[in-house]
Every structure is written in structure tokens, then in C-alpha cells.
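Thanks for making the time this morning. I would like to walk you through one structure, starting from a single ring and working outwards to the sheet, the charges and the surface.

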Amino acid sequence: MKALDIGIEGMTCASCSTRVERALGKLPGVHAASVNLATERAEVRFDPQQVDAAQIATSIRETGYTPLLDEVELVVEGMTCASCVGRVERALTRLPGVLEASVNLATEHAQVRFIPAMIGVDELAAAVSDVGYAAHPLDEAAAGGSEEADKRRASLHAMSRDVIVAAVLALVIMVLSMGTAYIPALDRALTAASPFAHFWEWVQFALASVVLFGPGRRFFRPGLIAYRHLSPDMNSLVATGTGAAWAYSALVLLAPALFPLVARHVYFDSAAVVIAAVLGGKYLEELAKGRTSAAIRKLVGLQAKTAHRLDESGAERDVPVSQLHTGDKIVVRPGERLPVDGRVFEGRAHVDQAMLTGEPLPVSKGEGDDVVGGTVCQDGRLVVEATSVGRDTVLAQIIKLVESAQTGKLPIQGLADRVVRVFTPVVLLIAVLTFAVWMAMGGNISMALVAAVAVLVVACPCAMGLATPAAIMVGTGRAAELGVLFRKGEALEALSHVDTVLFDKTGTLTEGRPTLVDRGGADAAATLRLAAALEGASEHPLGRAIVAAAKEQSLALPAVQDFRAVAGFGIEGRIEGRTVRVGARRFMERENIDLGDAQKTATRLEGAGRTVVFVAAGTELLGWLAIADRIKPEARAVVQALRARGVQVAMVTGDARGTAEAVAGELGIDEVHADVLPQDKAQVVIALQQRKRQVAFIGDGINDAPALAQADVGMALASGTDIAIEAADVTLTRGQLGEVITALDAARRTLGNIRGNLFWAFFYNILLIPIAAGVAVPIGIHLNPMVAGVAMGLSSVFVLGNSLRLKRLKAYRLPTAAPSKAPVSGAPARAGAHS
């Protein structure tokens with residue numbers, strides 16, 4: 001039986017606490033639940049075999065209250081393989097109050113969700129330390145910054161020094177042990193220089209001891225700690241194999257009488273070369289792991305470190321960015337990065353926003369314009385009033401999203417985790433059996449030892465541990481550089497399986513605002529000029545589209561008198577001495593204005609999804625204006641690209657079926673869901689899922705939250721400043737439809753890469769462990785421990801190198817023949833005057 005003590009927010013009366021108690025009491029395995037309204041805490045006694053702490057917290061949330069949970073990211077030092085990951089995860093999840101722990105070997109971070117009322121961060125770090133690893137909370141201010149980079153450089157420098165020492169000494173040992181067999185002159189020289197029998201073997205002993213207990217301490221210390229905790233890992237395998245070879249050889253030197261003549265061989269060369277080879281592989285692995293996190297470092301590098309803050313007297317003072325607060329006024333000079341998100345208070349300059357929008361051309365910013373931290377002021381001096389600082393800035397949120405995606409675990413990793421849990425004990429058992437079988441077959445302890453050491457050294461759980469996280473790090477990092485943010489790693493795998501993409505129409509496939517797309521009549525120029533003058537007093541979207549078109553053409557608008565809105569028909573007023581009317585067809589018919597041939601034109605345009613507005617002066621029709629929500633230029637090419645990738649495309653909209661089908665026809669979309677209210681879009685997603693479809697919903701994130709949350713993958717087109725759309729699994733930060741293809745390609749390529757990594761990791765071990773054990777000796781193939789060590793070191797490097805190929809991911813580029821601005825769709829009908 002376990003006890004859980006958890007804080008709860010949102011309870012206001014006794015009925016609230018009673019409701020929570022009832023909900024908890026209904027959970028299977030809960031024996032007692034007591035909720036105290038005064039302390040806002042719940043005490044729960046439960047059977048961990050039937051229910052866990054995470055389910056209890058979920059039950060509280062589903063009742064309508066907020067369980068007080070916290071999350072921390074720990075830096076874990078000293079992990080070398082997937083077995084280490086499993087040990088740290090088990091140590092954390094065993095703690096009372098820990099709901100979930102996810103450890104990532106590639107980032108060397110642990111993400112822990114816990115109940116702060118039951119356990120603190122120091123206790124979490126202590127639990128990790130107890131199983132042999134150093135742990136401390138991630139300092140967000142220094143994360144990815146110079147302090148972490150300095151630590152990493154120092155660690156790599158120390159490792160490179162150890163690799164050089166081990167390699168040089170191992171080479172000397174190999175020359176002493178094997179050189180005499182191939183170079184007779186060397187054999188004669190060494191024999192002549194030897195002061196006593198076996199002198200050079202004692203030299204090998206001394207040099208091998210330096211290798212094992214100098215550079216080799218990296219394997220022996222954690223390996224022995226792992227044995228103490230009954231959870232052996234890769235370090236344990238290397239330490240056992242090389243230690244056995246060294247100990248056997250030392251015994252041969254110290255007490256040769258214990259061994260038959262044929263078994264008096266020393267294997268100091270094998271021990272030293274294995275340490276050098278595995279350490280060299282680990283060094284290459286660390287270099288490659290550094291490259292996998294390059295995307296995060298690049299994003300962190302965009303953050304300014306200091307800012308010029310204006311004090312009350314208007315004087316500039318340089319302060320660290322961490323000391324800035326909302327409302328501070330900050331001076332940004334030409335060539336400097338903006339340290340915070342804010343609004344221009346004074347000045348004008350061109351700002352390079354390529355890091356956010358991907359657009360190479362700088363954007364002019366002046367008083368009242370919003371600016372984003374991390375962008376570059378190219379010319380001019382700006383005074384910016386801070387609106388978001390620290391972790392609330394857009395750039396900080398992007399970094400947080402990328403880190404969150406990289407630390408997550410994918411379902412595909414489950415098999416590797418289950419294998420790794422038993423991998424090292426199984427390898428140790430195989431090594432013992434190998435030794436026993438060789439002894440039983442020939443009684444040659446020397447041969448038995450070589451085979452057992454080869455088994456221990458060749459086994460590589462590291463490759464299995466790195467197969468998934470390394471690919472996720474590179475894939476999500478590269479995707480972020482291309483404007484695609486995965487909120488969590490699981491979305492990557494889910495998107496790779498998507499077979500149906502459901503687009504919201506307005507604002508996603510279309511530009512989301514009415515635009516004048518066509519005009520005609522006896523006097524088209526006067527039609528637009530007079531209509532814009534009259535619509536200047538209107539607030540309707542159609543009116544704004546007409547006024548915007550007139551401004552684009554720099555038309556001089558005349559004064560309007562006696563303006564009047566005619567509900568349900570249109571608007572009218574006196575302009576230049578004439579009564580001008582702008583409105584729907586029924587308005588013209590009510591005023592007995594003959595539409596002539598314009599009536600047929602209007603019918604044709606309306607059938608194509610346009611909204612037609614007529615303009616008349618007195619009883620004479622001047623012309624007509626066609627207004628539409630213009631389809632994005634790239635929309636058709638994106639739909640075609642999705643279909644070429646085997647994905648079915650559907651569209652959902654609140655528009656009438658006629659308008660919706662006109663748009664779908666222009667884009668080549670066969671499946672249309674029309675007349676759907678925003679709150680009912682999620683039902684469309686559910687209907688598709690019930691047909692066994694894997695659905696990605698793509699919207700603008702404004703009123704699409706239910707559908708984004710319901711879909712297997714929710715993708716939101718962001719404007720750049722609203723990247724943290726909570727309901728979306730994937731955010732397209734540049735707001736371009738082409739990023740949908742980029743996201744799909746990134747997901748599929750990354751999952752393909754993970755499958756390749758896992759195949760290699762399993763294939764390598766399944767093939768080489770039996771060969772190391774000696775099953776191929778009858779056909780003349782035997783794996784020397786030295787070769788086994790090199791193979792083991794290179795297997796992880798192969799996995800990381802394969803993952804790094806994802807850095808070559810390219811953004812989707814529109815074909816040059818992509819349709820331009822022809823396709824349009826119906827604008828929202830005027831609810832009042834023009835209907």
C-alpha cells in the first residue's frame with residue numbers, strides 16, 4: 001500500500017472537496033481518499049499494482065480541478081549507454097511522488113514530473129547520485145550557453161588526452177607483444193636488451209596497468225558501481241572483459257606454475273587496445289553528439305546576453321538580459337540583436353526577421369510596431385518597450401519546444417528499451433557459457449578466455465540507446481531551422497503515419513481576408529472610386545476590401561453626404577450631387593435599376609465562389625465589384641505534393657457547399673465538409689478517424705483548438721509571434737503552407753532514419769556476439785578481442801553518423817509553375833447591409 005499527498009487548486013467549497021473525494025474513491029485500487037479544503041490537499045492510500053500517481057492526478061484534473069504538479073529537467077553526467085538510461089529512469093520512478101521520468105542519452109538530460117508536496121528537486125538529484133551518476137537541475141539561464149559549452153570543451157579535452165595516452169601506450173604494447181613475430185631484427189634487439197627473462201612482458205604489464213587504471217578508469221569506476229546496484233551496463237562489460245584479460249595475464253607472470261605450458265600467454269595487448277579502441281569510439285561519439293545538438297545551440301546563440309536599459313533619467317545602462325522586466329525601455333543600436341519581445345517606443349529601423357519568418361528582406365519597423373527578441377536591427381536606433389522577457393519571449397518558447405521534442409520518447413523506442421533492460425545480464429551469461437563451453441571442448445583456458453572477453457567487448461548497448469534520441473535531436477532540430485516546431489517527440493512518429501490531411505479553409509488555404517479580385521461595367525474606374533468613398537463610413541469586411549483596393553490604386557475619394565445603411569440590402573449616400581447605392585442584387589432590383597448583362601456575369605462569378613457587389617448612381621448601373629477570400633498562391637501546389645506522397649486531402653469550412661466546392665475544385669480537393677461550425681470541426685476529425693484514417697488537422701489556431709487537439713496530429717500555421725499554440729502538436733512558425741510538406745518529409749525521414757539505426761543496432765549485436773563466442777571457428781572465422789573493441793566503438797559512431805544525415809533535410813520548395821493568384825473563394829457575406 002502506498003500513500004500520496006497532493007495539492008489541489010480551484011476548490012472553493014465543501015462540495016468541491018466532496019466531489020474530488022468521490023472521484024478518487026471510484027478509482028480501482030484506491031482504498032482511502034481524504035480531501036482537506038482548508039489546506040487544499042488530498043491524502044490518498046492506494047495499491048500501486050492497480051493504480052499509479054499519474055492516474056490519480058489525471059482523475060483530479062478530469063473532475064475540474066488542478067493537481068499541483070511540477071516539472072524539472074536534470075542534467076545527468078556519466079551515462080554511457082542505454083542501460084544507464086534505464087537505471088536512472090528506474091531510480092527516479094521508484095521515488096514516491098514521481099509521476100513520470102524520461103531520460104535521454106543523447107542530450108544527457110532527465111525530464112521529471114513530480115508532486116512537490118511529496119518530494120523536492122534535491123531528493124531527485126540525490127536518487128540519481130545514489131545509482132552512480134552526477135545530477136543537478138538544468139540552469140535555464142546557462143543552458144546551451146557559454147558555461148555549458150566551456151564544460152563540454154573541458155570534458156572533450158580531457159577525453160582526447162586519455163585517448164592519446166591509451167593509443168600510444170597500446171601501440172607500444174602491441175609492438176612488444178606482436179612485433180617480434182613479424183620483425184626478426186626487433187626480436188633479436190629486444191632479447192639482447194632484456195636484463196632478465198620475461199622482462200618485456202613485465203613492461204607490458206606496467207604499461208597496460210597505466211592504460212586500464214588511467215584512461216580506463218572511465219569504464220572501471222561506473223562499471224563497478226553498476227555491479228554494486230545489480231544493474232550492469234556497457235562499462236561493466238568493458239571493465240569485466242579487459243579486467244579479466246589483465247588479471248589472467250598478471251597471474252601468468254606472477255604464478256606461471258598455476259597454468260599448463262600451452263596456456264601461459266599474456267593478453268596485455270588485448271586489454272590495452274580494447275580500452276583505447278572503445279575510448280576512441282566514445283570520443284568520436286561525443287563529437288557527433290555535440291553536432292546533433294547544434295540546432296539548440298544555434299537558437300540559444302540568437303539570444304542577446306546584455307541590453308542597454310534606459311533608467312528614469314534617460315541614461316543608458318548595460319545590464320544582463322536576466323535583469324530586464326516587462327515595461328523596461330531598451331535601446332537597440334544598428335547591428336545589435338533585440339534582447340526582448342516588445343513594441344517600438346521611439347525611432348525607425350529595418351529589422352532582419354529571417355530567424356523567425358525565413359524572409360531574407362528586412363522589415364521596416366517604427367513607433368507602435370511589434371518586434372521580436374533575437375531579430376537584428378540593421379540600421380537606425382530603436383527604443384523598445386519590453387512586453388515579454390526571459391522565458392516568455394518567442395525565441396525562448398521556440399527553444400523550449402525544441403528541447404521538449406528532443407527529450408521525449410517515441411513509441412518505436414519501446415522495443416529497444418525492453419531489450420536493453422535484459423541485454424547486459426544476457427551478454428554476461430553468454431560470456432560465462434562461452435568460457436564454459438570452450439573449457440569443456442578443449443580445456444584450453446587461454447582460448448576460452450579470449451572468446452569470453454571478445455563477447456563482453458563486442459556487445460554494444462550504446463547503439464541501441466542512441467538509435468532513437470540521436471535521430472530525434474537532429475530531425476527536430478533541423479525541422480526547427482526550417483520553421484517546423486514539434487511540441488513533443490511523439491508527434492514526429494504520429495505525423496510519419498498520417499494518411500489524411502484535413503485543411504481548415506479560411507486563413508489556411510485562403511488568405512483569410514476579403515480582397516477585390518475583379519470588377520467590370522460601363523465605368524469600372526468610377527465604380528471603384530464611388531464605392532470606396534461610400535464604404536469609407538462602413539465597418540463591414542467587404543467594405544474594407546473595397547477601400548483597401550482604392551488605396552492601393554491611390555484613388556482620390558470624394559466626400560460623402562447623407563450616408564445611410566439600408567439593413568439587409570446595402571448602403572447609399574450623396575456623392576458629387578448624385579445618389580450612389582452599393583449593395584446586393586436585391587438592392588438594385590428594389591430600386592428598379594436595370595442590371596442588364598451584369599446579371600449573367602454576377603451569376604457566373606457567384607457560382608465560382610465570389611461575392612458580387614453592384615454600384616449604381618441614380619437609376620444607372622455603373623458596374624460591379626467581385627470580392628473573394630483569395631486562395632494562397634502555393635495552396636494548389638501543396639495539395640498536389642501531398643497527394644504525390646500518398647496522402648488523402650480533405651477540406652472543412654463553414655462556407656456554403658457551393659462556395660466550398662468551388663474552392664475545392666480550384667485546388668484539386670475531392671473531399672469537402674461544408675457548413676461546419678467551428679466547434680463542430682472536431683466531429684469531422686472523429687468521423688475520419690472512425691474510418692481508420694490517421695488524421696492531421698491543419699488550421700490557423702484561432703478557433704480550431706478542439707479539432708487540433710482531437711486529430712492524431714494538430715498542425716497550426718502561426719504568424720511568428722504566436723508559436724506556442726497549446727492545442728497544436730506541430731507549429732509552422734513562418735505561416736507558409738509549404739511547411740506542411742516540410743514537416744511531413746521531416747517526420748518520415750526521421751522515422752526512416754530511426755528504423756535504420758535500430759536495425760543496425762540489433763543486427764550488429766545479433767551477428768557479432770555469436771561470432772565472438774566462436775560459433776564461426778569451424779569455418780575459420782574468429783573475432784579477436786582487439787577487433788571486437790574497435791567494432792564496438794564504431795557501432796555507436798555509425799548510428800550517430802547516420803542520424804547526422806538528417807541535417808541535410810531541405811525545406812519544400814514550390815514548383816516554378818505553381819498557380820498564382822487566379823483561384824479565389826467566396827468572402828464572408830455581409831450580415832447587414834449587403835446581404
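Which residue lies over the face of F569, at 4.8 Å from the ring centre? It is R590 that takes this place, and I should say at once that we are looking at a predicted model, so that every value in this talk is computed from it. R586 also lies over the face of F569, in this case at 6.0 Å from the ring centre.

Let me step back for the overall picture. The protein has 835 residues, of which 53% count as buried, and it is built from 28 helices and 31 strands. Taken along the principal axes, the C-alpha atoms fill a box of roughly 125 × 70 × 65 Å.

Now to the aromatic residues, where the structure holds 12 pairs. One of them joins F196 and F199, whose ring centres are 5.4 Å apart and whose planes stand at 90 degrees, so this pair is edge-to-face. F196 has a relative accessibility of 45% and counts as partly exposed, and F199, at 22%, also counts as partly exposed. The pair of F205 and W246 has another geometry, with the ring centres 5.7 Å apart and the planes at 20 degrees, so it is classed as stacked. That contact links distant parts of the chain, since F205 sits in helix 7, residues 199-213, and W246 in helix 9, residues 234-254, with their positions 41 residues apart in sequence.

Is W246 buried or exposed? At 19% relative accessibility W246 counts as buried, whereas F205, at 21%, counts as partly exposed; because the cut-off for buried is under 20%, I would read these two labels with the percentages beside them. Both residues belong to one aromatic cluster, which is formed by W202, F205, F213, F220, W246 and F268.

Next, the sheet. It is an open sheet of six strands with antiparallel pairing, and the strand order is 10-9-11-17-12-15. The edge strands are strand 10 and strand 15, the latter covering residues 370-371, and each of them pairs on one side only. Strand 9, residues 306-310, runs antiparallel to strand 10, residues 316-320, and five bridges join them; within this pairing, H308 stands opposite D318. Five residues lie between the two strands of this hairpin, and G314 takes a positive phi near 90 degrees there. Strand 9 is also joined by two bridges to strand 11, residues 329-332, again in antiparallel fashion, and here R309 has I330 as its bridge partner. Further along the sheet, five bridges connect strand 12, residues 341-346, with the antiparallel strand 17, residues 382-388, and E346 stands opposite V383 in that pairing.

That brings me to the charged side chains, for which the count comes to 22 salt bridges. One of these is formed by D311 and R317, with the closest N and O atoms 3.1 Å apart, and R317 counts as exposed at 52% relative accessibility. Another joins D670 and R643 at 3.3 Å, N to O. This second pair links parts of the chain 27 residues apart, with D670 in the loop between helix 24 and strand 27, and R643 in helix 23. D670, at 65% relative accessibility, counts as exposed, while R643 is partly exposed at 42%.

How far apart are the closest N and O atoms of R693 and E671 in their salt bridge? They are 3.4 Å apart. R693 lies in the loop between helix 25 and strand 28, and E671 in strand 27, so the salt bridge ties together parts that are 22 residues apart in sequence. Both R693 and E671 are buried. Elsewhere, salt bridges with shared partners join E316, R333, E336, E346 and R381 into one network, and E346 is the residue we met opposite V383.

Finally, the surface. L284, L287, V790 and L794 form a nonpolar patch there, with about 310 Å² of accessible area together. The elements giving two or more residues to this patch are helix 10, residues 268-292, and helix 28, residues 785-804. L794 lies in helix 28 and is partly exposed, with a relative accessible area of 47%.

Terms used. Residues numbered from 1 in each chain as written. Predicted model: local features only at pLDDT ≥ 70, side-chain atom pairs only at ≥ 80, totals over all residues. Heavy atoms only, no water. Pairing = 2+ DSSP bridges. Helix = DSSP H or I, 4+ residues; strand = E, 2+ residues; numbered from the N terminus. Patch = residues over 30% accessible without salt bridge, like charges linked within 9 Å, V, L, I, M, F, W, Y side chains within 5 Å. Areas by Shrake-Rupley, 256 points an atom, 1.4 Å probe, with all protein chains shown as cover. Salt bridge = Lys/Arg side-chain N within 4 Å of Asp/Glu carboxyl O. Buried < 20%, exposed > 50% of the residue type's maximum accessible area, 1.4 Å probe, protein only. Phe/Tyr/Trp six-rings, centres within 6.5 Å; stacked < 30°, edge-to-face > 60°. Lys NZ or Arg CZ within 6 Å of the ring centre and 35° of its normal.
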